[in-house]
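Reader: Could you put the model up and walk me through it? I would like to ask about the metal site and the strands as we go.

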Amino acid sequence: MVALVVSDLHVDATRPEIAQQFCDFLAGEARTAAALYVLGDLFEAWVGDDDPDPHRRAAARALGALSARGTALYFMHGNRDFLLGERFCEMTGGKLLVDPTLVERHGRRVLLTHGDALCIDDAPYQRLRALVREPRWQRQFLALSVTQREMLAEEARAGSKAHTAGQIPMLMDVNAGAVAHAFRDAGVETILHGHTHRPGVYAHAVDGTPRTRIVTGDWYTQGSLLSWDDGGLRLEALPRA
Ligand code: MN
């Protein structure tokens, strides 16, 4: 049976069409899969497992319905939803994977990662990433009221937008050295990630061996889906109905 991989849905109230397409996907094609991997940024923001946003909660319910039917669900944190926690996993029947995780299926070993850890040219972002992953920072943040957390998340999004807009596009993509290191370290021929919103199949040569980096895209204007079965890995766009 096929395994499916998606990332960067960025579900939230301002883009109901994404939540709709994703819920349709979960109630349709996803049911044929043995496993569904969500490689981060499922949500535009997630301020804690008590996040009240109705679109995000609808997506969580649809994920729960899928896993209840027997599709194994796996989540990885993105830079937007790094606070997905145990209660979210209970809500959806899914399991959180550490970033990166090596997965073996259909005779292939593939390294799964959100992808932001490979973008080391963006130093200010990497500092922020390290901070918000500290247990102490997370405890302090989660102790705030939902309203306070939502306000801070909104400020962070605005700051992130301003930061991204002011960057040279190359600095926002993966760093070639970090990619080579990840291939070498994991001893794999294939890395699968999202985050950069540059869907495609990229060829790399590391230590004289050809390697492949497959990037799933965002769902802003259409869906992006990676299918993995005995035939290999295929990346496709899902047109919006
Ligand atoms: Mn991301």
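**Strands, metal site and cysteines**

Author: Let me begin with one pairing: threonine 101 has leucine 112 of β6 as its bridge partner. Please keep in mind throughout that this is a predicted model.

Reader: Which way do β5 and β6 pair, and over how many bridges?

Author: They pair in the antiparallel sense, and five bridges join β5 to β6, the latter covering residues 108-113.

Reader: And what is the strand order in the open sheet?

Author: The order is β5-β6-β7-β9-β8, five strands with mixed pairing. The edges are β5 (101-105) and β8 (200-206), each of which pairs on one side only, and the twist from one strand to the next averages 25°.

Reader: Which helix lies across those strands?

Author: That is α7 (residues 176-186), which lies across β5, β6, β7 (190-193), β8 and β9 (209-215), and runs at about 75° to β8.

Reader: Switching to the metal, which protein donors does the manganese ion have?

Author: Its protein donors are Asp41 through OD, Asn79 through OD1, His114 through NE2 and His195 through ND1, and they lie 2.0 to 2.3 Å from the ion. Along the chain the donors follow the spacing D-x37-N-x34-H-x80-H.

Reader: Where do the two histidines sit, then?

Author: Histidine 114 is in the loop between β6 and α4 (123-132), whereas histidine 195 is in the loop between β7 and β8, so the pair, 81 residues apart, links distant parts of the chain.

Reader: Are histidine 114 and histidine 195 buried or exposed?

Author: Histidine 114 is buried, and histidine 195 is buried as well.

Reader: Back to the N-terminal end, which strands does β1 pair with?

Author: β1 pairs in the parallel sense with β2 (residues 35-38) over four bridges, and it runs antiparallel to β10 (residues 223-229), to which three bridges join it. Leucine 4 illustrates both pairings, with leucine 36 as its bridge partner in β2 and serine 227 standing opposite in β10.

Reader: What covers the faces of β1, or rather, which of its residues are buried?

Author: Both faces of β1 (residues 3-6) are covered, with Ala3 and Val5 buried on one side and Leu4 and Val6 buried on the other. Together with helix α1 (residues 16-27) and β2, β1 makes a right-handed β-α-β unit.

Reader: Last one: how many disulfides are there?

Author: The count comes to zero disulfides. Cysteine 23, for instance, is in none, and the nearest cysteine sulfur, that of cysteine 89, is 18 Å away.

Reader: Why does cysteine 119 count as buried?

Author: Cysteine 119 counts as buried because its relative accessibility is 3%, and the cut-off for buried is under 20%.

Note on methods
Residues are numbered from 1 along each chain as its sequence is written. This is a predicted model: local features need pLDDT of at least 70, side-chain atom pairs count only at pLDDT 80 or more; totals for chains, interfaces and linings use all residues. Side-chain values use heavy atoms; hydrogens and water are left out. A disulfide is a pair of cysteine sulfur atoms within 2.5 Å. Buried means under 20% relative accessible area, exposed over 50%, partly exposed in between (1.4 Å probe, protein chains only). Two strands pair if DSSP finds at least two bridges between them. Axes are lines fitted to C-alpha atoms, for helices over the stretch in contact, and angles run from 0 to 180 degrees between N-to-C directions. Contact means heavy atoms within 4.5 Å. Donors are N, O and S atoms within 2.8 Å of the metal (3.2 Å for Na, K and Ca); water is not among the atoms, so sites may look incomplete. A crossover is right-handed if, with the strands pointing away from the viewer, the path from the first strand over the helix to the second runs clockwise.
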